[in-house]
Amino acid sequence: MSAGSADSSSVNRPLPPLLTESTRETHLLELLKEAAAACQQRGGRLVLLVDGLDEDRGGREGPDRHSIAALLPARPPAGMRVIVAGRPHPPVPGDVPPHNPLRDDAVVRPLTASPQARAIREEMERDLARLLHSTAGPA
């Protein structure tokens with residue numbers, strides 16, 4: 001177990017039977033709170049990293065489907081941080097409440113592409129074009 005990770009005995013337990021849609025979120029938030037407290041007791045911090053938020057389709061698939069963004073704690077418990085990554089388009093899903101930090105432009109930290117990433121992308125695009133226009137069959 002790495003430093004700052006939650007004590008497995010405090011959160012490693014089966015889900016209670018008969019969780020409903022309305023109680024599932026409450027249960028998840030309670031588990032996050034327990035894990036954050038366990039990390040904090042060890043002098044660490046629980047970090048929840050969500051990548052690809054721009055691919056979150058939950059809120060768009062039906063009225064009973066929540067987006068991942070809407071399920072993230074708007075106010076993480078003490079000892080926990082939430083880091084979210086995604087492209088600006090599409091925007092934050094519509095089921096995310098107005099008070100959620102994901103809707104606050106002040107928390108957005110735009111990233112720029114590194115020169116190394118740009119060079120790798122160009123090389124991969126050339127390789128893809130070469131493969132798409134190749135007349136030879138698979139090796």
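Among contacts between residues at least 6 apart in sequence, 66% join residues that are at least 24 apart in the chain. The model is a predicted one, and its chain of 139 residues has 19% of them counted as buried. Its elements comprise 4 helices and 2 strands, which follow one another from the N terminus in the order α-α-β-α-β-α. The briefing below takes up confidence, surface, salt bridges, the surroundings of Asp 56, and two prolines.

**Confidence**

- The average pLDDT of the chain is 82, and 83% of the residues reach a score of at least 70.
- Residues 1-9 have a pLDDT below 50, although this stretch makes 16 contacts in the model beyond near neighbours in sequence.
- Where pLDDT is low, predicted coordinates should not be read in detail.

**Surface**

- About 10800 Å² of the chain is exposed, and carbon and sulfur atoms account for 58% of that area.
- A nonpolar patch on the surface is formed by Val 47, Leu 49 and Ile 83, which together contribute about 280 Å² of accessible area.
- Within this patch, Leu 49 belongs to strand E1, which spans residues 46-51.
- Leu 49 is classed as exposed because its relative accessible area is 59%, above the 50% limit for that class.

**Salt bridges**

- The model contains 3 salt bridges.
- One of these salt bridges joins the side chains of Arg 87 and Asp 54, with an N to O distance of 3.2 Å.
- This pair links distant parts of the chain, as its members stand 33 residues apart. Arg 87 sits in the loop between strand E2 (80-85) and helix H4 (115-132), whereas Asp 54 sits in the loop between E1 and helix H3 (68-71).
- The two partners of this bridge fall into opposite accessibility classes: Arg 87 is exposed at 57% relative accessibility, while Asp 54 is buried at 9%.
- A salt bridge also connects Arg 121 with Glu 125, whose closest N and O atoms are 2.9 Å apart.
- Arg 121 and Glu 125 are separated by about one helical turn because they are 4 residues apart in helix H4.
- Arg 121 is exposed, with a relative accessible area of 56%, and Glu 125 is partly exposed, with a value of 42%.
- Helix H4 also holds Asp 127 and Arg 130, which are 3 residues apart, or about one turn of the helix.
- The side chains of Asp 127 and Arg 130 form a salt bridge with an N to O distance of 2.2 Å.
- In this pair, Asp 127 is partly exposed at 27% relative accessible area, and Arg 130 is exposed at 53%.

**Surroundings of Asp 56**

- Asp 56 is located in the loop between E1 and H3.
- With a relative accessible area of 5%, Asp 56 is buried, since that class covers values under 20%.
- The side chain of Asp 56 reaches two backbone nitrogens: that of Ile 68 at 2.8 Å, and that of Ala 69, which lies 2.9 Å from a polar atom of the side chain.
- When neighbours within four places in sequence are left aside, Asp 56 is in contact with Ser 67, Ile 68, Ala 69 and Pro 93.

**Two prolines in loops**

- His 89 and Pro 90 are joined by a cis peptide bond, with omega at about 5°.
- Pro 90 is placed in the loop between E2 and H4.
- Pro 76 occupies the loop between H3 and E2.
- Pro 76 counts as partly exposed because its relative accessibility is 33%, which lies between the 20% and 50% limits.
- Although Pro 76 and Leu 29 are 47 residues apart along the chain, their C-alpha atoms are separated by 8.8 Å.

Key:
Residues numbered from 1 in each chain as written. Predicted model: local features only at pLDDT ≥ 70, side-chain atom pairs only at ≥ 80, totals over all residues. Heavy atoms only, no water. Patch = residues over 30% accessible without salt bridge, like charges linked within 9 Å, V, L, I, M, F, W, Y side chains within 5 Å. Areas by Shrake-Rupley, 256 points an atom, 1.4 Å probe, with all protein chains shown as cover. Salt bridge = Lys/Arg side-chain N within 4 Å of Asp/Glu carboxyl O. Buried < 20%, exposed > 50% of the residue type's maximum accessible area, 1.4 Å probe, protein only. Polar contact = N/O pair within 3.5 Å; in protein donor to acceptor, adjacent residues only side chain to side chain. Contact = heavy atoms within 4.5 Å. pLDDT = per-residue confidence, 0-100.
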